[in-house]
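Welcome, and get your viewer ready. We will go from stop to stop, selecting a few residues each time and looking at what is there.

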Amino acid sequence: LFLRMGYVVGSAGLIAALGMIVLANAISVLTSISLSAIATNLRVKGGGDYYVISRTLGVEYGGALGIVLFLAQSISIAFYAIGFGEAVSAFVAGPEWLPQAVAAVAVGVLFVLAWLGSDWATRFQYVVMAVLFAGIASFYLGAVPAWEMDTLRQNFAPSGGASFWILFAIFFPAVTGFTQGVSMSGDLRDPSRSLPRGTFAAVGLSTVVYVSAAILIAGNTAQSQLIGETGAMRNIAAFGPLIDAGVIAATLSSAMASFLGAPRILQSLAKDHVFPILRPFAAGHGPSSNPRRGVLLSLVLAFGTIALGELDVIAPVVSMFFLVSYGLLNYATYYEARSLSPSFRPRFRFFHRRASLAGAVACLIAMLAINPVAGASAVAVLYAIYQY
């Protein structure tokens, strides 16, 4: 949102950019429908995505998905932390390794919050949310008064640079956070009620922000400027530093969410005895059964990824794993509904099996269109784990 929305609008043109936003959020909405159906069909416990998949399609699918999701989310901690490191490094001149050093310190601090448990981490997220809203409000306050129709018209057509699907791949990570709440399912008082409401509220609010931001950016900045720089929102905002604060808050928030979600997926996998080697990670600490052993393993994976530094090669494959998880979740829901299983009776009134099938197909098409090699690699890894 803060660093890439302007570039996407300038390169694709406003019409195509809005198409990307609609397509990405359509996948989110369809997957949210499937999530809500499963959440209202059974008593959801800890383990999030892994739990709902394994209890719907079986442990084989759930195990394949769970281990890949754990790895993807653990590596994502490093992705977001390095993003934070780059944002901080923009204010301080230093050596090339400074972003990695800042990222390592950030991961260390987030580890402490994850070690203390979800209550402490949730308090931290409230602070992050306040900073994010302040940054977005600053953007609206600067963008609305300066908006011009003539500038908007000039941004309708694409610039002729990057293709639609390359730009879609750049934007799509913006909508992948809506399942983070599902990963915290074991910490909710009433998951069957909270998951549907929270997920749709998240998707709905983010869609409004993305669409309005794209339109406001297109009406404030010339296309040549949007293509040439990534700070369009900062330049438009009433108070630019709040956008910088928003970037920092967004990266820390996403890293914290992954730090909470990944260990809980691993703990649920271990409790089901899917992989014998993972059984030690079934242990929990305190009344909420905080998975501290999983938190430690996520810390090691995050530090290892930060040490590698070059994340651009790994990023498309990780993105594919998230798309695979959405596709499997939609397929699982469609499969259960289509087979008329007596154990599958969701109470979510907006559910229809064709919506789940459409979500599965949309995920598959997006994977193949964004990166056929990365998509095939993700499917191959999942299939290998499933066969094991």
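**Stop 1: the first helix and what follows**

Start by selecting Gly13, which comes right after helix α1 and has a positive phi, near 85°. Keep in mind throughout the tour that this is a predicted model.

Now step back and select α1 itself, residues 5-12. Is this helix mostly covered or mostly open? It is mostly covered, with 7 of its 8 residues buried. To see them, colour Met5, Gly6, Val8, Val9, Gly10, Ser11 and Ala12. What do these buried residues pack against? Show α2 (14-39), α8 (164-171), α10 (191-218), α11 (223-228) and α12 (232-236), and you have their packing partners.

**Stop 2: a nonpolar patch on the surface**

Next, switch on the surface and select Tyr126, Met129, Phe133 and Leu205. Together they make a nonpolar surface patch of about 450 Å². Which helix gives the most to this patch? That is α6 (residues 118-146), with 3 residues.

Click on Phe133, which lies in α6. Its relative accessible area is 46%, so Phe133 counts as partly exposed, a class that runs between 20% and 50%.

**Stop 3: a serine under cover**

Move on to helix α13 (residues 241-271) and find Ser253 there. Is Ser253 buried or exposed? Ser253 is buried, because its relative accessible area is 18% and the cut-off for buried is under 20%. Now show Gln125 and Val128: Ser253 is in contact with both, leaving aside its neighbours within four places in sequence.

**Stop 4: a histidine in a loop**

Go to the loop between α13 and α14 (292-308) and select His273. What is the sign of its phi? The phi of His273 is positive, about 55°, although this residue is not a glycine. His273 is partly exposed, with a relative accessible area of 48%.

**Stop 5: the second largest pocket**

For the last stop, look for empty space. The second largest pocket holds about 350 Å³ of it. To find its centre, select Tyr61, Val324, Leu328, Val379 and Leu382, the closest to that point of the 15 residues in the lining. Then colour α4 (59-89), α15 (315-338), α16 (353-370) and α17 (372-387), the elements that give two or more residues each to the lining. Which of them gives the largest share? It is α15, with 5 residues.

Key:
Residues numbered from 1 in each chain as written. Predicted model: local features only at pLDDT ≥ 70, side-chain atom pairs only at ≥ 80, totals over all residues. Heavy atoms only, no water. Buried < 20%, exposed > 50% of the residue type's maximum accessible area, 1.4 Å probe, protein only. Helix = DSSP H or I, 4+ residues; strand = E, 2+ residues; numbered from the N terminus. Contact = heavy atoms within 4.5 Å. Patch = residues over 30% accessible without salt bridge, like charges linked within 9 Å, V, L, I, M, F, W, Y side chains within 5 Å. Areas by Shrake-Rupley, 256 points an atom, 1.4 Å probe, with all protein chains shown as cover. Salt bridge = Lys/Arg side-chain N within 4 Å of Asp/Glu carboxyl O. 1 Å grid on protein atoms, 1.4 Å probe; cavity = no way out; pocket = protein on both sides within 12 Å on 5 of 7 lines; lining within 4 Å. Points joined across faces, edges and corners; volume = space filled by probe spheres on them.
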